[in-house]
Amino acid sequence: MGWVMFENNPDNASVIRMKGGIPLYGSVQIQGSKNIALPIIAASILVNGKCTLSGCPDITDVDSMFRLIESAGAIVCKNENQIYVNAENINEYCMPSRYASVMRSSVILLGALLGRIGEASIDYPGGCVIGKRPIDLHIFALEKLGAEIDIVGNKIRAKAKKLTANTIHFPFSSVGATQNTILAAVYANGITKIENAAREPEVTALCDYLNKAGARVVLSDNFLNDGIIEIYGVEKNSLHDVEYSIPADRIVAGTYLFAVLATSGRVELQNAPIDNMNSVLHTVIEMGAQINKDINNSRIVIEVPDRNMISNLDFVETGIYPGFPTDMQSQLMAVACTSKGRLCIRENIFSNRFKIVDELKRMGAQISIKNDNEAVIDGVASLEGRNVIAKELRGGAALVSAGLAAEGITTVTDIEYIKRGYEDIVNDFARLGAQISYD
Ligand code: EPZ
């Protein structure tokens, strides 16, 4: 087959094929953030008016969330640059299984629907299979606000004649449960206080959006330390027309940085959310890359003149923000496979997020797993191209990085996972000079 360098169409493709060993040069625009867009689209259910969103990533998870709010009665229209949601007539509380069951973040529609129409029925959420993903914290918080929740078979039914503010202390930090609680509390009577809320940028962006629409969500002065959020309930249906630009995706930006570490080259990331990337940037610099940041223009330039400059750190563990993100763990593992020395990664957030290990080993990586949540990677001189399978979103993207660095041809199958979070990873890398195409 010939290499199609540009604009090869991702829609029907299920395989990515690449020839590795080519350094990356050029510049790439970072898409809007999936994990910010999803709760913001769900939050639009609370807005008794029109929401104008720009920078929404064109990915399958976002599409599913739009289908879900349409089922609730929202009208969604798109033009090239913006998406308009009219949520004046939200009237349906039963969410269709087809979209809800495939995506973890559908669960935050519980808070939004309860807040707006006092009732919700939704499938137990799906999403990437990266370990046990219970929703007990979501249910605990919504019940604290006065909702009655029943789980029958695979359906979650929630009802609340009225929601009343409360203090909710989370025993550990959960991004989704924090978002769900905020959504349910916007129209609750009184002041809801969340203690030990998740501090991720995906939470603060949701607060920002709701405040622009007329909600009163206040982060404590010391938010990164104490995780306290207060939501002052506002009059029912008072959230009004709002315009919002979805911030850039810190995980996509990090994925592209790690791809340059794996292949060498010089790449400029445009529209990079630099402020939210400290731990990843720190790791990349410590491993030997040169980084230049232009904070005013949201640009990062990464330069790796020679692959041999890259060495493994001894130990990296994932953590809640501002720690090293679990969503970057597979990408770090992929680059560690061909970096000098030994890296031990400890995964502290999810119980089964090492699905990529067998695939990397088939490419020649030396990895062993200890205590279920620790992986020890001994760098080898190079990986070899193989047919590998994407088993979840970030692991799939990391396999693309591994393939770009490997000797020979790599094919990654089951790329539906990758399309859930990356608009067009193939053409992004092709523009940087990689020999890569959809197959
Ligand atoms: C969000 O998932 C992200 N998803 C994930 O990104 C990300 O990995 C994760 O936060 C952590 O940063 C979206 O934003 C759509 P959590 P979420 O609740 O909200 C446990 C990606 O690749 N937990 O913070 O589901 C849970 O099992 C994805 O884009 C409970 O025990 O994550 C996990 O171990 C994948 N009970 C930990 O908490 C609960 O009720 C943190 O999960 C909820 C969570």
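These legends describe close-up views of the domain interface in a predicted model.

**View 1. Two domains make up the protein chain.** Domain 1 takes in residues 15-31 + 248-438. Domain 2 covers 34-245. The sequence of domain 2 thus lies between the two segments of domain 1. Taken over C-alpha atoms, the domain centres are 30 Å apart.

**View 2. Domain 1 and domain 2 meet in an interface that buries about 1900 Å².** Carbon and sulfur atoms give 54% of this area. On the domain 1 side, Tyr321, Arg420 and Glu423 stand out: together they supply 34% of the area that domain 1 buries against domain 2. No other three residues supply more. In contact terms, 21 residues of domain 1 touch 23 residues of domain 2.

**View 3. Salt bridges and polar contacts link the two domains.** Two salt bridges are counted between domain 1 and domain 2. The side chains of Arg250 and Glu202 form a salt bridge, with an N to O distance of 2.9 Å. Arg250 falls within domain 1, and Glu202 within domain 2. Seven residue pairs are in polar contact across the interface, with both residues of each pair at pLDDT 80 or more.

**View 4. Helices α13 and α14 contribute to the domain 1 face.** α13 spans 393-405, and α14 spans 416-419. Each supplies at least two residues of the side that touches domain 2. That side of domain 1 holds ten charged, six nonpolar and five polar residues.

Technical notes
Residues numbered from 1 in each chain as written. Predicted model: local features only at pLDDT ≥ 70, side-chain atom pairs only at ≥ 80, totals over all residues. Heavy atoms only, no water. Domains from an automatic or database assignment. Contact = heavy atoms within 4.5 Å. Buried area = accessible area lost by both parts, 1.4 Å probe. Salt bridge = Lys/Arg side-chain N within 4 Å of Asp/Glu carboxyl O. Polar contact = N/O pair within 3.5 Å; in protein donor to acceptor, adjacent residues only side chain to side chain. Helix = DSSP H or I, 4+ residues; strand = E, 2+ residues; numbered from the N terminus. Nonpolar A, V, L, I, M, F, W, Y, C, P; charged D, E, K, R; others polar.
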